[in-house]
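Student: Could we go through this model together, taking each label in turn and asking what earns it?

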Amino acid sequence: MLHLPKSKINMPKKRDNTKLKKRPIVFSSKPIEGDGIVNHHSYSSLSLFSTNPFMYKVKHINGDKINSTRNISGVLGQAFHKAMEVYWGGSEDIKPKDGAEAVELGLRAGMDFIEKFPEGWIEWSKTIPTRQKTQELFAFMFSEYVKVKHITSGEKVLLCEQKIEEYVDVEYKGVKKQLPIKLKGYIDKVSMFGDKLKIVDYKTCRSFSNPEKIDGKKILQAITYYLLVYARTGIAPHSMIFEEVKYSKSRDGKQVQTYEIVYEENNLFFDFFFRFYEDVTRALSGDAVFVPNIDTFFDNEVSIIAYIHRLDMSEEQAALMKEHKVDNLTALLQQKIQSAGNMRSLMQSVEKKFVSAQSLNYENMTKEQQIATKLLEHGLLVKFHSIIEGPTVDLYQYTPSIGLKMSKIESFKKDIEQVLGTTNIRVLAPIPNSTFIGFEVPKKDRYFPALPEPTGTFDLAIGQTIMGETRTFDIREAPHMLVAGATGSGKSVFLNSLIEQIVKIPNAELHLFDPKVVELSFYESVAVEYQTDAKAINNSLEDLVIEMEERYQAMKVAGVRNISKMTGFPYKFVFIDEFGDLVLNAGVQTNVLLLAQKARAAGIHLIVATQRPSTDVIKGTIKANLPTKAVFRTAKEVDSRVILDESGAESLAGKGDMLFASDLGVERLQGFNV
């Protein structure tokens, strides 16, 4: 039997198997027969009886189950409980081997629960309108919780996410009580901290509850769980801890608030519970009993204190007024509330300081696991599909969860680089012509493929694909090419590789315009012309424009539309290096634009290169007529957007790492080493 004196609760501090027969709480040898109306009381059902008798009757007396949508905040709470079950080692199927893995697996368990929750049974809200937002909030809430609630050697978890249902006999204030209706509860966690047994209950919320408020529902839960845990373990609980976790961000950074109720110091809680239990049970048996609404907004603390001391009963009230020498109810209540001050003081947060985040042990993960877990931290759920290994980069392919925005993934590139310990990662969201999302990760040990032997055809080797295959491209189909990249990115080597192949084509001529003098000078001897002066370059471009017009006249006479149908007209490939040095010459810009617009059919092709891909160098009209682009690492993201209309080039690894844009899309290639 449980003996609870008025002044103090005497409870054994640890279980002693030699004294089990003297346990304060014992199981009845036979189930105590109730009135047959309900088969159990829980703290939530007791609370429901006082706040909504109609729904109590539907659920607990009629036994009806109403299938309805679940509020999304409730789904969020369920996901958190699933995560906690794994995190604290209560899952039978998933057993983390250490604290870091507990964080990883707990996070994934909650995310999976949200992912699989039936869409039609979710009642969305304005603040949580999508599944993706739910996952983001859960990931935030979970990560904030594990910052302050570490798995330590000083805590021994006895029970986790368990249902307990027991009949209980109690001796309270010298009176033996047989609780005729068994108690039932779903216990989040029960742990031993040294010689103290503590019950923990997690609650997810949008805002913290008031620690100064006397909460009738918390009182019912605390005592119900005390009796159930005591009955199950044989150890008297020291306290119950309520851990509130916010999914909305706090201005002060505090996302977890803890209240600890120490049972020995709160005998009034037991007074309240036993009277409430008795009154509800009598009411169900047909007695005319007053059961207060424990959630009433006004005068809640006053009403609970009055209820505990039975001030609604005239005999009790009169006796107490005589004892305290007062002549009115107000004065009596003042004394009782003052004596109950510990009820408020004990519902204060016991955690004043928060420690730094508990990090995941990424060192023991593979790269594909590191990427998926890092995204999971931010509420982005992806499933690893495959890896494609290349000579310079590896492509990790993932299947995204439903509702995952591609723009969200792109914004976490820096987080992926941090966890992998590398830079220049490119995010493909999605991978072109696929349903996957991808992460191109540069290899630590890169090698540079040698230029294949020129074929003497217009199919030029542009670079090597991530699969290690040679990517070829008919240079006549360009029709013109823009080559851009910062100093040292591999742009010049790429130009040299094109020239090396073009000079082997029998019906091709080179025109090299090199304002920097040194970049293309090696090929001066094999070129039809080699110019370095801006004025001379402009004159040569004017001559090419004239030749373009003459070729069009010849094709008109011959009745053909393309120079390939004519004989005696070689293809001309015009290389202009560092176009930025020539833009001040208005004639150069005009002639380049004319050739870019019309020269393809005449067999004249431009390859324009620059290391300054700004809008004042690559104007919109010129860029639009240079559709094929070989882009190497740029100094800034804005430069990448000027050339490609998208970011990515700023993240390339340099030394020939390029993005090749054609009518097939944008592809990452490794340039050849000439």
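Tutor: Let us begin with the largest cavity, whose lining is made up of Pro391, Thr392, Val393, Gln464, Thr465, Ile466, Asp657, Arg668, Leu669 and Gln670. Please keep in mind throughout that this is a predicted model.

Student: What makes the space beside these residues a cavity, and how much space lies in it?

Tutor: A cavity is a set of points where a 1.4 Å probe fits but cannot get out. The largest cavity holds about 40 Å³ of space, and the structure has 1 cavity of 30 Å³ or more.

Student: Which strand gives the largest share of that lining, and how do its residues divide by class?

Tutor: Strand E23 (residues 665–670) gives the largest share, with 3 residues. By class, the lining has 4 nonpolar, 4 polar and 2 charged residues.

Student: What is the volume of the largest pocket, and why is that space called a pocket?

Tutor: The largest pocket has about 1400 Å³ of space. The word pocket is used because the set of points is open, with protein on both sides within 12 Å along at least five of seven lines.

Student: How do you know which residues belong to its lining, and which are the closest to its centre?

Tutor: A residue counts as lining if it has an atom within 4 Å of a point. For the largest pocket there are 34 such residues, and Tyr43, Ser44, Arg70, Gln78 and Tyr186 are the closest to the centre. The largest share, 7 residues, comes from H3, while H1, helix H2 (53–61), helix H3 (72–87), E3, E6, E7 and H6 each supply at least two residues. By class, this lining has 8 nonpolar, 14 polar and 12 charged residues.

Student: H1 also meets H7; which residues make that contact, and how do you know that it is one?

Tutor: Contact means heavy atoms within 4.5 Å. On that criterion Leu46, Phe49 and Ser50 in H1 meet Phe273, Phe276, Val280, Ala283 and Leu284 in H7. By class, the contact of H1 with H7 has 7 nonpolar, 1 polar and no charged residues.

Student: Why is the crossing of H1 and H7 called left-handed or right-handed?

Tutor: Helix H1 (residues 43–51) and helix H7 (residues 267–284) pack at an angle of about 65°, with their axes 11 Å apart. A crossing is left-handed if the near helix is turned anticlockwise from the far one by less than a right angle, and H1 passes H7 in a left-handed crossing.

Student: Turning to the sheets, what is the order of the one that contains E3 and E9, and what makes these two edge strands?

Tutor: This open sheet of 5 strands runs in the order E3-E6-E7-E8-E9, with mixed pairing. Strand E3 (155–166) and strand E9 (256–262) each pair on one side only, and they are the edge strands. From one strand to the next, the twist averages 30°.

Student: How do you know that E7 and E8 are paired, and over how many bridges?

Tutor: Two strands pair if there are at least two bridges between them. Strand E7 (residues 196–205) and strand E8 (residues 239–246) have 8 bridges, in the parallel sense, and Tyr202 has Glu243 in E8 as its bridge partner. Helix H5 (residues 131–148) lies across E7, E8 and E9 and runs at about 140° to E8.

Student: Why do E10 and E12 stand at the edges of their sheet?

Tutor: That open sheet has 4 strands in the order E10-E11-E13-E12, with antiparallel pairing. Strand E10 (382–389) and strand E12 (426–428) each have a single partner strand, so one side of each is left without a neighbour in the sheet. Inside the sheet, strand E11 (residues 393–400) and strand E13 (residues 437–442) pair over 6 bridges in the antiparallel sense, and Gln397 has Gly438 in E13 as its bridge partner.

Student: Which peptide bonds are cis, and what are their omega values?

Tutor: One joins Ala429 and Pro430, with omega about 0°, and Pro430 lies in the loop between E12 and E13. Another runs from Ala478 to Pro479, with omega near -15°, and Pro479 is in the loop between strand E15 (470–474) and strand E16 (481–484).

Technical notes: Residues are numbered from 1 along each chain as its sequence is written. This is a predicted model: local features need pLDDT of at least 70, side-chain atom pairs count only at pLDDT 80 or more; totals for chains, interfaces and linings use all residues. Side-chain values use heavy atoms; hydrogens and water are left out. Axes are lines fitted to C-alpha atoms, for helices over the stretch in contact, and angles run from 0 to 180 degrees between N-to-C directions. Ala, Val, Leu, Ile, Met, Phe, Trp, Tyr, Cys and Pro count as nonpolar, Asp, Glu, Lys and Arg as charged, and the others, Gly among them, as polar. Grid points are joined across faces, edges and corners, and a volume is the space filled by probe spheres set on the points.
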